[in-house]
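Me: Here is a structure to go through by question and answer. Please keep each reply short and end it on the value or name asked for.

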Amino acid sequence: MKKNPRLHLILMLAAAAIAGSGPSAAAEDTGKAWKASQPIRIVVPFSAGGGSDVAARLLAQGLGNSLGEPVIVENKPGASGAIASDLVYTAAPDGYTLLLGTADTQAMNPHVNKVRYDSLKYVPVAAIAKVSYVLVGRPDMPAADTKALVALAKEKSLTYGSSGTGAAADIQMRMFDDAAKIPNMLHVPYQGVAPAFQALVAGQVDLAMIPVALVAQYRNKVKFYGIASMQRNPAIPDVPTLAEQGFPVDGDPWVGLLAPPKTPDAVANAIAERVAKVLAVPENQKKLREVGMTPYQGTRSEFTEFYRKDYDKWEKAIKSAGITAQ
């Protein structure tokens, strides 16, 4: 059959147009290195001032310098992190909208509350740190230590604040209730960890699980009872773990960077490489440790594996403890 030169030319042009139809497709199909060309935003599921916010702003500064584009931190608190998670879940998978994900929002909340996003469809980019929580009481709490606190909680109904039902602070407090056999603790949810801590300082709630990152500098403001981890935290080394005191609560949540579903590997890898460089700076590691965080060191593939295993871990733990939405 004789070829039609004009038809052949049209087909070639069409194929070329399809192959180069979008930057994301090019990055994914050809392996071309991704480079930022516009501002990037990191959406934080909690209000400003909390541990996640501290990590996001430290990362934003370093990433902005490395990528040559502004990196903006945008706080979207509410619904135990679901508002921010939904926003990023439906964002374009182009690397310009990222989620400061946490164990609260991605591994715990979906097993307690009905959410519209599927945690396992996000693209893990980079882990940032692990976060230790500490059980603290209002300034005038009469219980001097954890055993006295447990006795008090069994005599009268105490209240505790958190960033929402299904958040790490809520889950860990319920784990403490279970370990101490406290039946009647009343949960008061807030729009973030920082507001919950402010309510505690003001005496509006009795107790709260607060990230060491936020509370370490307020030793003279609130009562410290125990670390919700199996190891003490170097930021407050004299505070024992709850486990040491006979109440095993093991729940160090993580903080990490996630991208929307279907984000190309070329994009995620490019961002992950720069995050690793930011976190490798000794001064940045020092800043994270000063606020009670343990910097994460590992590859993107290691974080991806950890992310999926952590999701499964909390699903089993929450179901085993019988934790449901209140």
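Me: How much area do domain 1 and domain 2 bury between them?
Reply: This is a predicted model, in which local features need pLDDT of at least 70 and side-chain atom pairs count only at pLDDT 80 or more, while totals for chains, interfaces and linings use all residues. Residues are numbered from 1 along each chain as its sequence is written, and side-chain values use heavy atoms, with hydrogens and water left out. Buried area is the accessible area (1.4 Å probe) that two parts lose on being put together, summed over both. Of the area between domain 1 and domain 2, 58% is on carbon and sulfur atoms, and the total is about 1,600 Å².

Me: Which three residues supply 22% of the area that domain 1 buries against domain 2?
Reply: An automatic or database domain assignment sets the bounds, giving domain 1 (40-130 + 252-321) and domain 2 (133-245). On the side of domain 1, no other three residues supply more than Ser80, Asp104 and Asp252.

Me: How many residues does domain 2 give to the contact?
Reply: The C-alpha centres of domain 1 and domain 2 are 25 Å apart. Contact means heavy atoms within 4.5 Å. Domain 1 gives 23 residues to it, and the number from domain 2 is 23.

Me: How many residue pairs are in polar contact across the interface of domain 1 and domain 2?
Reply: A salt bridge needs a side-chain nitrogen of Lys or Arg within 4 Å of a carboxyl oxygen of Asp or Glu, and across this interface the rule finds 0 of them. A polar contact is a pair of N or O atoms within 3.5 Å; within protein, one must be able to donate a hydrogen and the other to accept it, and residues adjacent in sequence count only if both atoms are side-chain atoms. With both residues at pLDDT 80 or more, the number of pairs in polar contact between domain 1 and domain 2 is 5.

Me: Which elements give two or more residues to the side of domain 1 that touches domain 2?
Reply: Elements are DSSP runs numbered from the N terminus, helices being H or I of at least four residues and strands E of at least two. By that numbering, the elements on the domain 1 side are H5, H11 and helix H12 (300-321).

Me: Is aspartate 86 buried or exposed?
Reply: Aspartate 86 shares a salt bridge with arginine 116 (3.1 Å, N to O). Arginine 116 is in the loop between helix H5 (103-108) and strand S4 (123-131), and aspartate 86, 30 residues away, is in helix H4 (residues 82-89). Buried means under 20% relative accessible area, exposed over 50% and partly exposed in between (1.4 Å probe, protein chains only). Arginine 116 is exposed at 73%, whereas aspartate 86, at 16%, is buried.

Me: Which residue forms a salt bridge with arginine 174?
Reply: Arginine 174 and its partner are both buried. Both lie in helix H7 (residues 168-180), 4 residues apart, about one turn of the helix. The closest N and O atoms are 2.8 Å apart, and the partner is aspartate 170.

Me: Which residue has its backbone oxygen 2.8 Å from a polar atom of the side chain of asparagine 284?
Reply: Asparagine 284 belongs to helix H11 (residues 282-290) and is buried, with a relative accessible area of 13%. Leaving aside neighbours within four places in sequence, asparagine 284 is in contact with Leu58 and Val278. The backbone oxygen at 2.8 Å is that of valine 278.
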